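Here's a quick look at the charged pairs in this protein, and at how open their side chains are to the outside. Have the structure open while you read.

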Amino acid sequence: MSNLLFIEEKTVKSLLDIRQLVDIVEKGLIHFSTPSAALVQPMRTVIGISSQSAHFFSMPCYSEQDNALTTKLACLFPNNCQRGLQTIHAIILLFDCNTGVPQAVIDADYITEMRTAAASAVATKYLANQDGQILCIVGSGAQAYSHLVVLKEMFQFSEIRLCSRTKSNAQKLADRTNTQAVIYDCVQDAVHNADVICTTTNAVEPILFGKWVKQGAHINAVGACTSQRRELDSELMQNAIVVADSRDSAEKEAGDVILSNASVYAEIGHIACGKVTVDRNQTTVFESLGLAIEDAVCARLIYDLYKIQEGKTA
């Protein structure tokens, strides 16, 4: 393994272009929702670490058309925010599809943040009302940052609202991203008349309620990625059109879906490819758990761009 690369976060950030990222993630979501022997992605393996209320994830994927054979190993430690640490840490292992030789170990903290936001951008593209003007992001951590950066790049909003229990954290997020934002510490006030809402918290119980959300709003539900956690209440989930990255994963692993006994209408890949349509005047929820195909296409893109850059500087 003398040629095994380690691609650090600094390099990953320098190579990823937001619009290119959203494009490949959209194609990956469509590929996932189009059954094919050329794509193999089993359900992720989840190990609970009860002493820390934490989880360890293993997410393998093989995509023939993307020339990608990968697995992502990730940890979610919600209590890290109290330690001044990121809550998610991850690496992606990339292998040669023809030989099985390991090609790279890629720092995947930033990839996880950005590809999740890219998937939300795809969902917003196909589910949100096209006249939507107000974006509200609930949370102030890594996913709040990535969603703000990506959605600002991909869409035009007349007003951006940031909400955190600690208003100073929301203000820091605005300053970090050079965003003119209205700052809130009350979710009910923040989401009033918002057109696009992103929930990016570590909540265990609902922090967003249907009675607060206007008809026709679109919600990207990102934070609750296990079966016992939820950000959205039952009224919202049962009355909205719920779209998932993966129907199977959402029905088995998404607390927002399971604990509210909600139904999944379709996968976002089905809508992106035109197989299924959605009335954008209805309230919609994108239930995002994250897919290994998203990591696989990102890893292949980063590796290929790294090799091109390496060739230019050799």
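Let's start with K125, which is partly exposed, its relative accessible area being 40%. Keep in mind that this is a predicted model. The partner of K125 is E26, and their salt bridge has its closest N and O atoms 3.1 Å apart. This contact ties together distant parts of the chain, since E26 sits in helix α2 and K125 in helix α3 (residues 109-127), 99 residues apart. Is E26 buried or exposed? With a relative accessibility of 12%, E26 counts as buried, because anything under 20% does.

Helix α2 (residues 18-32) also holds D23 and K27, four residues apart, or about one turn of the helix. Their side chains form a salt bridge, 3.2 Å from N to O. K27 is exposed, while D23 counts as partly exposed.

Something similar turns up in helix α11 (residues 292-313), where D304 and R300 are four residues apart, so about one helical turn separates them. That pair forms a salt bridge too, with 3.2 Å between the closest N and O atoms. Here R300 is buried, and D304 is partly exposed.

Here are the accessibility values for these two helical pairs:

| Residue | Relative accessibility | Class |
|---|---|---|
| D23 | 36% | partly exposed |
| K27 | 52% | exposed |
| D304 | 34% | partly exposed |
| R300 | 8% | buried |

How many salt bridges are there? The count comes to twelve. There's also a network of salt bridges, which links K72, R115, E294 and D295.

Definitions and conventions:
Residues numbered from 1 in each chain as written. Predicted model: local features only at pLDDT ≥ 70, side-chain atom pairs only at ≥ 80, totals over all residues. Heavy atoms only, no water. Salt bridge = Lys/Arg side-chain N within 4 Å of Asp/Glu carboxyl O. Helix = DSSP H or I, 4+ residues; strand = E, 2+ residues; numbered from the N terminus. Buried < 20%, exposed > 50% of the residue type's maximum accessible area, 1.4 Å probe, protein only.
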